[in-house]
Amino acid sequence: MDRDRVKAFADKVFADMAGTMTAGMGYIGVKTGLFRAMAGKGSMRLDDVVRESGLTARYVEEWLKGMTCAKYLDYDAASETYRLPDEHAFLLASDDTDHFMGGLFVMAPVLLRVAPDIAAAFVGGGGVPFEKFGADGVIGLDLMNRGQYEQRLAGYWLQALPDTRARLEAGGRALDVGCGAGRVCLALAKNFPAATIVGLDPDRESIRQAEAAAAEAGVSGRVSFVAATTGSLDAADGFDLITACDCIHDFAAPERTLEEIHGLLKPHGTLFIIEPKAADRLEDNFNPIGTMFYGFSIFHCMTQSLARGGPGLGTCLGPARTEALVRSAGFQNFERLDIKSPTNLFYAARP
Ligand SMILES: C[S@@+](CC[C@H](N)C(=O)[O-])C[C@H]1O[C@@H](n2cnc3c(N)ncnc32)[C@H](O)[C@@H]1O
């Protein structure tokens with residue numbers, strides 16, 4: 001046995017557990033507003049942070065020390081002050097923007113609290129159904145994605161589909177399949193005021209949150225949500241655009257659902273797909289995002305599909321399997337769109 005390798009690997013195990021604890025402390029930073037309380041304030045003493053955040057001093061003290069060890073905060077020993085660098089605040093105290101990364105931390109406890117159920121499923125099969133992740137799960141997914149949907153979908157990503165944009169501007173029809181908390185629908189409603197927008201998701205809690213978000217945004221009259229799967233929609237109405245954002249790999253019956261989506265598109269319609277940015281070959285996913293995605297898969301995406309008797313395609317579906325699935329559902333045209341993102345892949349499919 002190579003003793004140096006044992007030592008190096010022990011360091012890695014400590015680093016990985018430290019990462020898990022950092023995610024937990026990151027969750028606290030987002031949920032309690034600590035990151036926002038420190039953003040743009042420069043160097044702060046403990047009592048400054050306590051005053052700005054309104055939180056309990058002893059907890060804040062331990063969090064400041066832990067986040068300093070994790071290199072999220074700068075520390076000046078001489079003045080005993082802590083500072084959240086502007087570059088870190090840009091990513092963690094920037095809720096509702098397309099560069100906010102704090103939503104990842106909000107998902108951490110949602111995912112890990114089902115770990116005992118997942119361990120049982122490794123033994124006995126089955127999985128954890130989507131509903132079991134609860135309202136927090138829907139909120140976490142929303143926080144991970146909403147800034148990008150609000151700020152990039154209509155103005156940037158859909159620029160890749162000029163014909164579709166023109167149809168929506170003229171009053172076309174769009175459907176978001178697996179709409180979750182409804183942000184894609186709200187972005188479409190805001191940017192295409194003449195269009196009819198429908199959001200569909202079998203999860204009732206997601207639809208409840210989507211309807212509340214639409215009411216808050218003042219677009220309830222122009223967006224409707226339905227707690228159902230695509231089989232329940234009337235194909236006669238037809239859609240110019242169907243979006244499937246971060247959900248094809250979650251489907252319990254992906255072939256059938258994609259066939260139903262195919263049937264719901266108008267002849268000139270487009271299916272716009274967003275999937276996690278995973279490579280087809282395992283060896284091309286050897287990076288932190290690959291590790292994170294396999295964790296998301298085990299603790300969420302794959303298990304909730306297996307729980308419903310689905311194939312459990314998993315988060316790392318990858319381009320080749322996505323294309324094969326979509327083509328086997330009857331789509332004649334499949335194209336990977338040239339849209340840059342560290343975490344997403346984009347495709348357009350046409351009947
Ligand atoms: C990872 S979430 C993504 C939610 C949202 N699109 C987003 O990007 O934030 C996947 C969503 O797909 C939904 N879903 C699962 N199976 C579905 C099906 N057969 N038809 C429509 N939606 C489905 C889930 O309920 C869940 O809301």
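**Exercise 1. A loop residue with positive phi**

In the loop between which two elements does Asp246 lie?

*Solution.* The structure is a predicted model. Step 1: locate the residue. Asp246 belongs to the loop that runs between β6 (239-245) and α12 (254-264). Step 2: consider the backbone. Most residues other than glycine have a negative phi. Asp246, although not a glycine, has a positive phi of about 55 degrees. Step 3: assess the surroundings. A residue is buried if 20 or more other C-beta atoms lie within 10 Å of its own. Asp246 has 21 C-beta neighbours inside 10 Å and therefore counts as buried.

**Exercise 2. A second residue with positive phi**

Determine where Lys71 is found and whether Lys71 is buried or exposed.

*Solution.* Step 1: the loop between α4 (57-69) and β1 (74-76) contains Lys71. Step 2: Lys71 is not a glycine, yet its phi is positive, at about 70 degrees. Step 3: the cut-off for an exposed residue is 12 or fewer other C-beta atoms within 10 Å. Lys71 has 11 such atoms within 10 Å, so Lys71 is exposed.

**Exercise 3. Domains and the largest nonpolar core**

State how the protein is divided into domains, and explain where the largest nonpolar core lies relative to them.

*Solution.* Step 1: the division gives domain 1 (3-93) and domain 2 (111-350). Their C-alpha centres are 33 Å apart. Step 2: turn to the core. The largest nonpolar core has 89 residues, and those touching the most other members are Cys185, Leu188, Ile242, Ala244 and Leu271. Helix α8 (residues 134-153) supplies the largest share of this core, namely seven residues. Step 3: place the core. Because domain 1 (3-93) and domain 2 (111-350) both contribute residues to this core, it lies between them. Step 4: examine one of the central members. Apart from neighbours within four places in sequence, Cys185 contacts Asp176, Cys179, Ile197, Gly199, Ala210 and Val223. Step 5: note the other core. A second, separate core has five residues, among them Ala278, Leu313, Cys316 and Leu317.

**Exercise 4. Two partners of helix α1**

Describe the packing of helix α1 against α6 and against α4.

*Solution.* Two packed helices are described by the angle between their axes and the distance between the axes.

Step 1: α1 with α6. Helix α1 (residues 3-31) packs on helix α6 (residues 102-112) at an angle of about 115 degrees, and the axes are 8 Å apart. Angles of 65 to 115 degrees count as roughly perpendicular, and α1 is accordingly roughly perpendicular to α6. The crossing of α1 past α6 is left-handed. On α1 the contact involves Ala23, Gly24, Gly26, Tyr27 and Val30, and on α6 it involves Gly102, Phe105, Val106, Ala108 and Pro109.

Step 2: α1 with α4. The two axes cross at roughly 125 degrees and come within 10 Å. The helices α1 and α4 are therefore oblique to each other. Their crossing is also left-handed. Met25, Ile28 and Gly29 of α1 meet Trp63, Gly66 and Met67 of α4.

**Exercise 5. Helices α7 and α13**

Which orientation does α7 have to α13, and which residues make the contact?

*Solution.* Step 1: the axes of helix α7 (residues 115-124) and helix α13 (residues 288-307) come within 10 Å, with a crossing angle of roughly 60 degrees. Step 2: this angle makes α7 oblique to α13. Step 3: α7 passes α13 in a left-handed crossing. Step 4: the contact residues are Ala115, Ile118 and Ala121 of α7, together with Ile298, Phe299 and Thr303 of α13.

**Exercise 6. Two helix residues**

Characterise the surroundings of Val110 and of Pro319.

*Solution.* Step 1: Val110. This residue lies in helix α6. Val110 has 20 other C-beta atoms within 10 Å and is therefore buried. Leaving out residues up to four places away in sequence, Val110 touches Phe133, Asp136, Gly137 and Gly140. Between Val110 and Gly134, which are 24 residues apart along the chain, the C-alpha separation is 8.5 Å.

Step 2: Pro319. Helix α14 (residues 318-328) contains Pro319. Pro319 is partly exposed, since 16 other C-beta atoms lie within 10 Å. Not counting residues up to four places away in sequence, Pro319 touches Asp280, Arg336 and Leu345. From Pro319 to Ala154 the distance is 23 Å, C-alpha to C-alpha, with their positions 165 residues apart in sequence.

Methods. Residues are numbered from 1 along each chain as its sequence is written. This is a predicted model: local features need pLDDT of at least 70, side-chain atom pairs count only at pLDDT 80 or more; totals for chains, interfaces and linings use all residues. A nonpolar core is a set of buried Ala, Val, Leu, Ile, Met, Phe, Trp, Tyr and Cys residues joined through C-beta atoms within 7 Å. Helices (H or I, at least four residues) and strands (E, at least two) are DSSP runs, numbered from the N terminus. Domain bounds come from an automatic or database domain assignment. Two residues are in contact if their C-beta atoms, placed from the backbone, lie within 7 Å. Axes are lines fitted to C-alpha atoms, for helices over the stretch in contact, and angles run from 0 to 180 degrees between N-to-C directions. Angles under 35 degrees count as roughly parallel, over 145 as roughly antiparallel, 65 to 115 as roughly perpendicular and the rest as oblique. A crossing is left-handed if the near helix is turned anticlockwise from the far one by less than a right angle, and right-handed if clockwise.
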